[in-house]
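Welcome! Here are some exercises with worked solutions to help you find your way around a new structure. Have the viewer ready and try each task before reading on.

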Amino acid sequence: MTKTPLPGGQDSWQKPPVAMLAELTHRCPLQCPYCSNPRELSRRSDELSTKEWIDIFAQAARLGVLQLHLSGGEPTARKDLVDLIAAAREQGIYSNLITAGVLLTPDKIAAYKAAGLDHVQLSIQDSDPQNANRIGNHKGGHGKKLAAAAWVCEAGLPLTVNAVVHRQNLDHLQDIIELAASLNAHRLEIAHVQYYGWALQNIEALMPTAAQVEKANRLAAEAADVYRGRMVIDYVVPDYFARRPKRCMDGWGNQFFAITPRGLVLPCHAAETLTGLSFSSLREKSLEWIWREDPAFQRFRGTDWMAEPCRSCEFRDIDLGGCRCQAFALAGDAALTDPVCHLSPHHEKVVALAEAAASVQDVTYLYRR
Ligand code: SF4
Ligand code: FES
């Protein structure tokens with residue numbers, strides 16, 4: 001395929017990445033219906049080995065990566081996690097463990113900390129234990145998460161609580177905020193579901209109503225004031241209910257890449273949902289080549305790839321045309337304007353889809369398996 005010309009007429013991309021997401025495994029004891037893993041999960045036998053990951057961290061450090069997000073699936077399902085954390089520390093990379101928490105023990109946390117772990121991000125599904133366990137389809141999971149949060153703080157590691165919100169838990173948002181504060185979280189990330197992959201399969205159970213979103217916007221703003229200086233609240237108005245889309249990933253292949261359990265390198269964690277693009281493997285190419293030259297990374301960099309209405313829009317350098325995965329999921333073409341933008345010719349269809357989904361009474365989940 002022809003390479004999209006890069007801003008400034010460069011032949012290859014010279015700017016270094018800032019952060020990487022290492023999806024160590026797709027194995028997970030939870031089965032959340034909005035999981036960002038692909039519908040087709042990688043098998044354990046295909047996972048990168050300890051040696052391969054350690055080599056990748058060294059390549060990443062040479063390329064300029066500063067932050068590593070250890071994720072999955074559930075990264076603590078990997079028995080070599082201590083070695084991987086130590087390898088990141090040896091390369092001088094800041095490491096954040098993104099975990100569902102249900103496999104954690106005080107001993108494991110102490111070992112991760114001793115190996116050099118810098119931060120823990122713990123997901124919760126709700127403040128209500130019964131609903132939380134139903135969303136994750138894991139009996140007793142909520143209680144284990146609360147225990148894990150306490151162990152993380154006792155170990156002296158900073159804690160972020162991540163709550164993915166949707167129609168089935170948004171009415172508990174105030175309780176979720178208070179729960180995060182009671183767990184001594186430094187930061188609470190309130191993340192509305194993004195509708196591609198598993199979440200798109202579950203859109204009728206998950207899409208919030210306009211009234212829920214309006215209330216959530218207000219509660220999040222109030223909480224930011226109430227908890228200022230104690231707990232940072234990260235909240236973004238969901239783009240289905242905004243007029244313009246978000247600047248997804250801070251731009252395609254701009255600062256960030258993700259590595260799948262079997263070693264594919266993606267410009268965003270959901271990029272495998274884009275069926276027209278193929279991604280390179282670290283089993284065949286170097287990380288440096290992929291970052292600088294891979295056609296999949298070049299495809300949506302900058303703004304030259306844009307068609308109308310983005311091409312001549314005053315916001316094109318601000319939101320970069322929104323999310324490529326959402327454009328593909330909702331309009332069938334990743335090169336189109338994100339249909340959540342009110343200027344997209346597909347926008348009305350998306351508004352109608354959201355309204356129809358939010359009005360469905362059925363809450364049966366198709367669990368990620
Ligand atoms: Fe952003 Fe494109 Fe919409 Fe303009 S037309 S606001 S650049 S998504
Ligand atoms: Fe893939 Fe937005 S999630 S570009």
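**Exercise 1. Place A220 and decide whether A220 is buried or exposed.**

Step 1. A220 sits in helix α9; helices (H or I, at least four residues) and strands (E, at least two) are DSSP runs, numbered from the N terminus.

Step 2. A220 is buried because 20 C-beta neighbours lie inside 10 Å. The term buried means 20 or more other C-beta atoms within 10 Å of a residue's own, exposed means 12 or fewer, and partly exposed is in between, with C-beta atoms placed from the backbone.

Step 3. Leaving out residues up to four places away in sequence, A220 touches I190, I233 and Y235; contact here means C-beta atoms, placed from the backbone, within 7 Å.

Step 4. For a distance, take V236: its C-alpha atom is 9.2 Å from that of A220, and the two are 16 residues apart along the chain.

Before you go on, note that this is a predicted model, in which local features need pLDDT of at least 70 and side-chain atom pairs count only at pLDDT 80 or more, while totals for chains, interfaces and linings use all residues. Residues are numbered from 1 along each chain as its sequence is written, and chains are lettered from A and ligands numbered from 1 in the order in which they are written.

**Exercise 2. Trace the sheet and find its edge strands.**

Step 1. Follow the order β7-β6-β5-β4-β3-β2-β1-β8-β9: this is an open sheet of 9 strands with mixed pairing. Two strands pair if DSSP finds at least two bridges between them. Strands of a sheet pair through backbone hydrogen bonds, either parallel or antiparallel.

Step 2. The edges are β7 (232–235) and β9 (265–266), each of which pairs on one side only.

Step 3. At the β7 edge, helix α9 (residues 210–226) packs on the sheet and touches β5 (159–165), β6 (187–192) and β7; the direction of α9 makes about 155° with that of β7. Such angles run from 0 to 180 degrees between N-to-C directions, and the axes are lines fitted to C-alpha atoms, for helices over the stretch in contact.

Step 4. β6 and β7 run parallel and are joined by 4 bridges, with R187 opposite V232 of β7.

Step 5. Side chains alternate along β7: I233 and Y235 are buried and point to one face, whereas V232 and D234 point to the other and are not buried.

Step 6. At the β9 edge, β8 (residues 256–259) pairs with β9 in the antiparallel sense over 2 bridges. One bridge partner to look up is V265 in β9, which faces I259.

**Exercise 3. Compare two residues of helix α4: which is buried and which is exposed?**

Step 1. Helix α4 covers residues 129–136 and holds A132; Q130 also lies in α4.

Step 2. A132 is buried because 23 other C-beta atoms lie within 10 Å. Q130 is exposed because its count within 10 Å is 9.

Step 3. Beyond four places in sequence, A132 touches I124, Q125, D126, G141 and H142.

**Exercise 4. Look for unusual backbone spots: where are the cis peptide bonds and the positive phi values?**

Step 1. G72 and G73 are joined by a cis peptide bond with omega of about 10°, and G73 is in the loop between β2 (67–71) and α2.

Step 2. The bond from E308 to P309 is also cis, with omega near 5°; P309 belongs to the loop between α11 (295–298) and α12 (316–319).

Step 3. N137, which is not a glycine, has a positive phi near 50° and lies in the loop between α4 and α5 (141–154). N137 counts as partly exposed because it has 17 C-beta neighbours inside 10 Å.

Step 4. M249 is not a glycine either, yet its phi is positive at about 55°; M249 is in the loop between β7 and β8. M249 is buried, since 23 other C-beta atoms lie within 10 Å.

**Exercise 5. Which residues come nearest to ligand 1?**

Step 1. The 14 residues around ligand 1 have C310, C313, F315, R316 and C341 as the nearest; a residue is near if its C-beta atom, placed from the backbone, lies within 6 Å.

Terms used. Two residues are in contact if their C-beta atoms, placed from the backbone, lie within 7 Å.
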